Structure formats: C-alpha cells, structure tokens
Amino acid sequence: RARLSGLPETAVSHLKRALAEPPDSGSRPDVVAELGRAEVRAGQFEPGLRHLDESLTGLDDLDRRVDVHRDRAFAAFASGGMDGARQLVTDAMAELDGNDSDAALQLEADLATLAWLTGADSGIDLKRHLGVEGRTRAERTILGLLSQEEHATGAHPDQVIELANRALGNGRMIAEDTSESLAWYMATYSLLTCEAFADARATIDEALADGHRRGSAFGRAGALGCRAVLAINEGWPGDGEVDARTAAAGGIPPIMVPVNASFRVRALTEQGKLEEAGEELVAGGIEHSDGGPTVLRWIPWGRAVLFEARGDLESVRAAVAPLQEDDRSGRSMKALSWRALLARTIARGGYSEEADGLASEHLVWAEWWGRPGALGIARRTYALAGPVSERTERMEAAVETLERSALRTELAKARTELGVSLLRSGQKNAGKAELEAGLELATACGARLTAKAAA
C-alpha cells in the first residue's frame, strides 16, 4: 500500500503502521529502508536519514544496500549540501570495493556529480564513458554529467545536446530515475544553455507531471526552476518570475537556493523592475556571491544582468570577473556571454576599442557556436559596440538572426535599437516601423524598459 500510494506522506503513514505490527525480523530492514526513503521524499530528512542508517545494519542484498546509500546521499544533499553527501558516497564506494560494475559506475557518477557541483576534482576520467548507451540509471547519470562536462570544456552544442538527450532517453530517465535525479537537472540545463528549447520543454513537462504524481516537493520545485529559465530565455519574464518564486517556496536543495534567487533577479530585470531586482539580490543573499563553477555561475550572471540594465560599468566588471576566471581555466559556461554583456555596458559611454574588441571576439565564438539566439545577441552587441557608421547594417543582421530564434525579448531590443539607428540616419519611415515592431513585441513579453525606450 505504501508503494502504491503515490504520496510520500501517505507512504510514511502506512510504513509506520507496518513497523508497529511489527513485521518479521527478516523483512524489517526493508521496511525501515522504505520508511527512510519515504520520509526523505516527504522532506523529513532527519528521521529519514536515521531510518536509512538503521536499515543498513540488517540489509545483506548488495543492490538494496547501494540504493540505500544513494538515498542517504540524496537526503544529505537536499538537507545540508555537498560535504555530507560527498562523504556518504565515498564511504559507499569503499564498501562496494568493485563487487558490482553497474553499482560501482553509479556511485562513481554520484561522486563525480557532487564534485562537479562544488568545483572539486573528483579524479575520475569521465570521457572513457562517452560511448555508454543510457540503458541503466548509472549510465544515464554519467551521460547527464558528461553533457555538462563537455559543454564546460568547449564541445560543440550538437554534441552536448546529443549527450543530454541520450541521458534523458525519451522519458526513460523520468520514468525510471524520477524527476529527483540530479542527472535530470544537468541534462536539462545543458538543453537550456544550448537553445534546445523544444527538448527542454518536453522533459520539464514530464518532470512536473512526475513530481505531481508522486507528491515530490523536490521534483516539482526543480522542474519549476528549469521552467523559469526557459521562460526567461524565450522572453516571458513574468512567467519566469512566477515559476522561480513557486520553486523557492517548494523543496529546492540548499545549493540551488541562491541560483533560484538569481533567476528571480533576471526575471525582474527583464520586466524593468530594477528596484525590485535589487531588493531580491539582498533578500536572496547574492549581492556579493560569486557562486561556484558551472551551474552556480548563474548567481553572478543574474547580478551582471541587473547591473547592465542600470548602466553600472564598474559593478558589471566585478560581476563578470568569476566568469572571466572560468574562461582562463578552460572550464566555462560559454552560454553566459560575459564579453557581450561587458561590451554593451562599455559602449553606453560611446565608442571604445575595448568594447569593439570584446564584441568582435565574442562574435567569432558565436558564429562557431551556431545557435541563433546566441549569434543574434553577439551580432546585436557587435552593432552597439562598433562604429556608429556601421550600426544600421550590423543591427539589421542581428534582427534577421534573432527572428530565427526563440528569444523574444532580445529581438525586441534589437528591433528598437535598429529603429533608433534608422532614424538617426534619416530613414524616418523605416525607423518608425522598426520601433513600432519593437514596442509591440516588448509589450507582449512584458519587457517594460525596452517598451518604454521604443515608445
């Protein structure tokens, strides 16, 4: 009955009754393990960890012990962060000691994932697993991690998307590993940063349905956070703000709390609510945080987006410094285009060789990257940072590129800036038409600053 209930709280109730009867001594460790798992899924981490630890004293089956070890690591991660979870995984690997190849692969993947999230060196050669098919949970975890690793070390987005989709397995990861899988986050964020928005939307919808069906606050909150990023990227910042706030009220793990705050800052900034975005920086505790490598770099990125909207050049320079350091180390989230953002902010003060150089350098990368959104942003920056005499022609190329993308707010900005450039060159009717198009699109998206500029 506990397994069929679908809701962690209901499962906890059934399992407590089962233990109270009590079951025979041979089955008790299994029931205790089930209870610990249900408590963890219900957000009751302290009793959940206690029961999981208790179950290990009586469980002999290796596969069941590995599952319990993974549940313990998940509980430690969700309740307290990286350090405790990493230690539990390390202890479990020591216990396994090569007895089961797939279980060893799973624990290896868990350890590598925790190291990835904290920027630590796991000492694991992940590339030797590039050819796995994704048939088991362990293989899917490795593929999700590899999608992020390859992205960070300069792989083409086509390869990153292929790895992410192989990890997701057309819904197999959600069906077998559930929406609580950390590999699901990694694969989905890979899709989002590589502009594979249709694939991202499909798996987010599956994750939301899974979290709702099982009553998992953790699963629902994680999926909502991903949907917030999707909405902001596609140009619906109001929807993104709602999803990010709903996720924050749910079961997101501690490490993702400041990341979620950065999503709210970006959503508010895109809506032109700069004062509220500044308050969110403080409320979220991210006004000074650099986050960490990979996904945690969303934290300074959110701050940089707000500072660009304010026109605060020195604050932008400080915010993008950790992203510059990632580039120097050869491990960066290239989709967080700090060169473009810094160049646009510098260009507000007039032509600058520094801004022109940054924009040109970023454009070379974006042309190789090949995604229309990233390329359109690069071309818009190239227009703003370059000589005024070339702005109209360059901005026309940006508009043409962004029209092929899903980034509505970016297209609204480019159309508005093209309209201004056309007006300044004496093309009154063409400029007015572009401004009207920019105004209509910005209004529909809720991008108030752009709408005000166009109006």
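Biologist: Which helix gives the largest share of the lining of the largest pocket?

Modeller: Helix α23, residues 408–424, with eight lining residues. Keep in mind that this is a predicted model.

Biologist: How do I read a pocket in the first place?

Modeller: Rolling a probe the size of a water molecule over the atoms shows where empty space is left. Here the largest pocket has a volume of about 1300 Å³. Its lining comprises 47 residues, and those nearest the centre are Glu308, Arg344, Arg380, Glu410 and Lys413.

Biologist: Let's turn to α9. How far apart are its end C-alpha atoms, and why is that the expected span?

Modeller: They are 16 Å apart. At 1.5 Å a residue, the twelve residues 157–168 should span 16 Å, so the two values agree.

Biologist: Which residues of α9 are buried?

Modeller: Pro157, Val160, Ile161, Leu163, Ala164, Ala167 and Leu168. They cover an arc of only 160° around the axis, which means they sit on the same side of α9. Their cover includes α8, α10, α11, α12 and α20. Just after α9 comes Gly169, with a positive phi of about 60°.

Biologist: And the largest nonpolar core: which residues touch the most other members?

Modeller: Among its 112 residues, those are Trp184, Tyr189, Leu192, Phe263 and Trp298. Helix α13, residues 217–234, supplies the largest share, nine residues. Leaving out residues up to four places away in sequence, Phe263 touches Tyr189, Gly225, Val229, Ile232, Ala244 and Trp298. Another core, of 16 residues, lies apart from the largest one and includes Leu384, Leu402, Ala412 and Leu418.

Terms used
Residues numbered from 1 in each chain as written. Predicted model: local features only at pLDDT ≥ 70, side-chain atom pairs only at ≥ 80, totals over all residues. Heavy atoms only, no water. Helix = DSSP H or I, 4+ residues; strand = E, 2+ residues; numbered from the N terminus. Expected span 1.5 Å × (residues − 1). Buried < 20%, exposed > 50% of the residue type's maximum accessible area, 1.4 Å probe, protein only. Arc of directions from axis to C-beta. Contact = heavy atoms within 4.5 Å. Core = buried A, V, L, I, M, F, W, Y, C linked by side-chain atoms within 4.5 Å. 1 Å grid on protein atoms, 1.4 Å probe; cavity = no way out; pocket = protein on both sides within 12 Å on 5 of 7 lines; lining within 4 Å. Points joined across faces, edges and corners; volume = space filled by probe spheres on them.
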